[in-house]
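Here is a short briefing to read alongside the model. Have the structure open and follow along.

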Amino acid sequence: MNARTEPAEDDSAIARPPLVREFLLVAGLLLVYKSGRLLATDHTHAAFRNAHRVWDLERAVHLPAEGWVQSLLLHGEAPVRLANTYYAAVHFPATAAFLVWLYLRRPGHYLWARRVLAALTAAALVLHLAFPLAPPRMLAATGLTDTGQVYGPSVYGSPEADQLSNQFAAMPSLHFGWALMLAVGVIVATRSRLRWLWLLHPLLTLLVIVGTANHYWLDALVAAVLLAGALALVRPAPRTAAPPGRLLVPAGRTVRATAQATAPGPAAPAREPVLAEAGR
C-alpha cells in the first residue's frame, strides 16, 4: 500500500481522552476566563483613555473607518438585526460544536485544538487585564451606533448595571480569534477541497464585530497575532498510530509480505520461498 493513499482524516485508531474530564476541564477554563475578565471592570478611565489611543492609531495608519462597515448594515433593519444575532448567538455554540466534532470525529486533532484555544484565551485574559479598552460603541469620537441597544438583540446591559461581563475587554477580540481557529482547525483536520470555505466564518465574524461597533480593527489583528503565537507554540502531535489491518510505509515502496504478516505463525515459513521466487 502506498502511504500517500492513506486517508489522513481517519482517526479510528487514536484513543479519545475521557469525556467527563474534558468537559470539566473546558468548563473550568471558561469559568476562570470569565472570572478573570471581571477583575478589569472598574478600570473605566484607563479603558476610555486606551480607546482614544487605539482610535487615533487606526486613523494614523489609515485603516478604513469602522463606520464604513456599519453603514452597510444600517441600510435596513433586517441586516443589522441579523448581525446582532450572529454576534450574540454564534460565538460560543460554534466553538463548542467545533470541539465536540473534533472529539468525536477527529480525536487526533482534538487535544491540539483545545490547547491552542486555551493558550489563545489565556493570552487574551492577560491583555484584557493589562490593557482595558472601551469598545467603539462606547466612544463618542467614533460616531458609531450601538446596534445591539438600538435594534437588538444585545448581550450587554448598561456598563454600570452589568455585573456579569466585562465590557472593557475589547482587545483582543476572541469572537474573531476563536472563529479563525475554528477555520484553521477544520482546514487542518480535513482533506476536502471545500474546507477552505470555512475561512468565510472568521471573515463574516470580522465584519459583524466591526459593523456592530463592538470591536476595532486592531482588536481582530491582535487576536490573529496571538493565535499565530499559540499555533507556533502548540504543535500538532505526530500521528504514529495506524488503523488495524493497515500498514503505512514510505511512499514509493510496495508491501509484498502482507499475507506473511497476517498469516498464522506455522504457515509463515512455507510462504517465504514463494515470495522470494516471485521477486526474481
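How many residues does helix α5 have, and how far does helix α5 reach from its first C-alpha to its last? Helix α5 spans residues 91–105, so named as a DSSP run (H or I, at least four residues) numbered from the N terminus. It has 15 residues and reaches 21 Å, close to the 21 Å expected at 1.5 Å a residue. This is a predicted model, where local features need pLDDT of at least 70, side-chain atom pairs count only at pLDDT 80 or more, and totals for chains, interfaces and linings use all residues. Residues are numbered from 1 along each chain as its sequence is written, and side-chain values use heavy atoms, leaving out hydrogens and water.

**The buried face of α5**
- His91, Thr95, Phe98, Leu99, Leu102 and Tyr103 are buried in α5 (under 20% relative accessible area, 1.4 Å probe, protein chains only).
- These buried residues line one face of the helix, because they fall within an arc of 130° seen down the axis of α5 (taken from the directions from the helix axis to the C-beta atoms).

**His201**
- His201 lies in helix α9, residues 200–211, and counts as buried because its relative accessibility is 14%.
- Beyond residues up to four places away in sequence, His201 touches Tyr86, Val90, Ala94, Ala179 and Leu182 (heavy atoms within 4.5 Å).

**Nonpolar cores**
- The largest nonpolar core (buried Ala, Val, Leu, Ile, Met, Phe, Trp, Tyr and Cys residues joined through side-chain atoms within 4.5 Å) has 38 residues, and Phe98, Val116, Phe176, Met181, Leu206 and Ile209 touch the most other members.
- A second, separate core of 13 residues includes Ala134, Leu139, Phe168 and Tyr216.

How values were computed: Helices (H or I, at least four residues) and strands (E, at least two) are DSSP runs, numbered from the N terminus. The expected span of a helix is 1.5 Å times one less than its number of residues. Buried means under 20% relative accessible area, exposed over 50%, partly exposed in between (1.4 Å probe, protein chains only).
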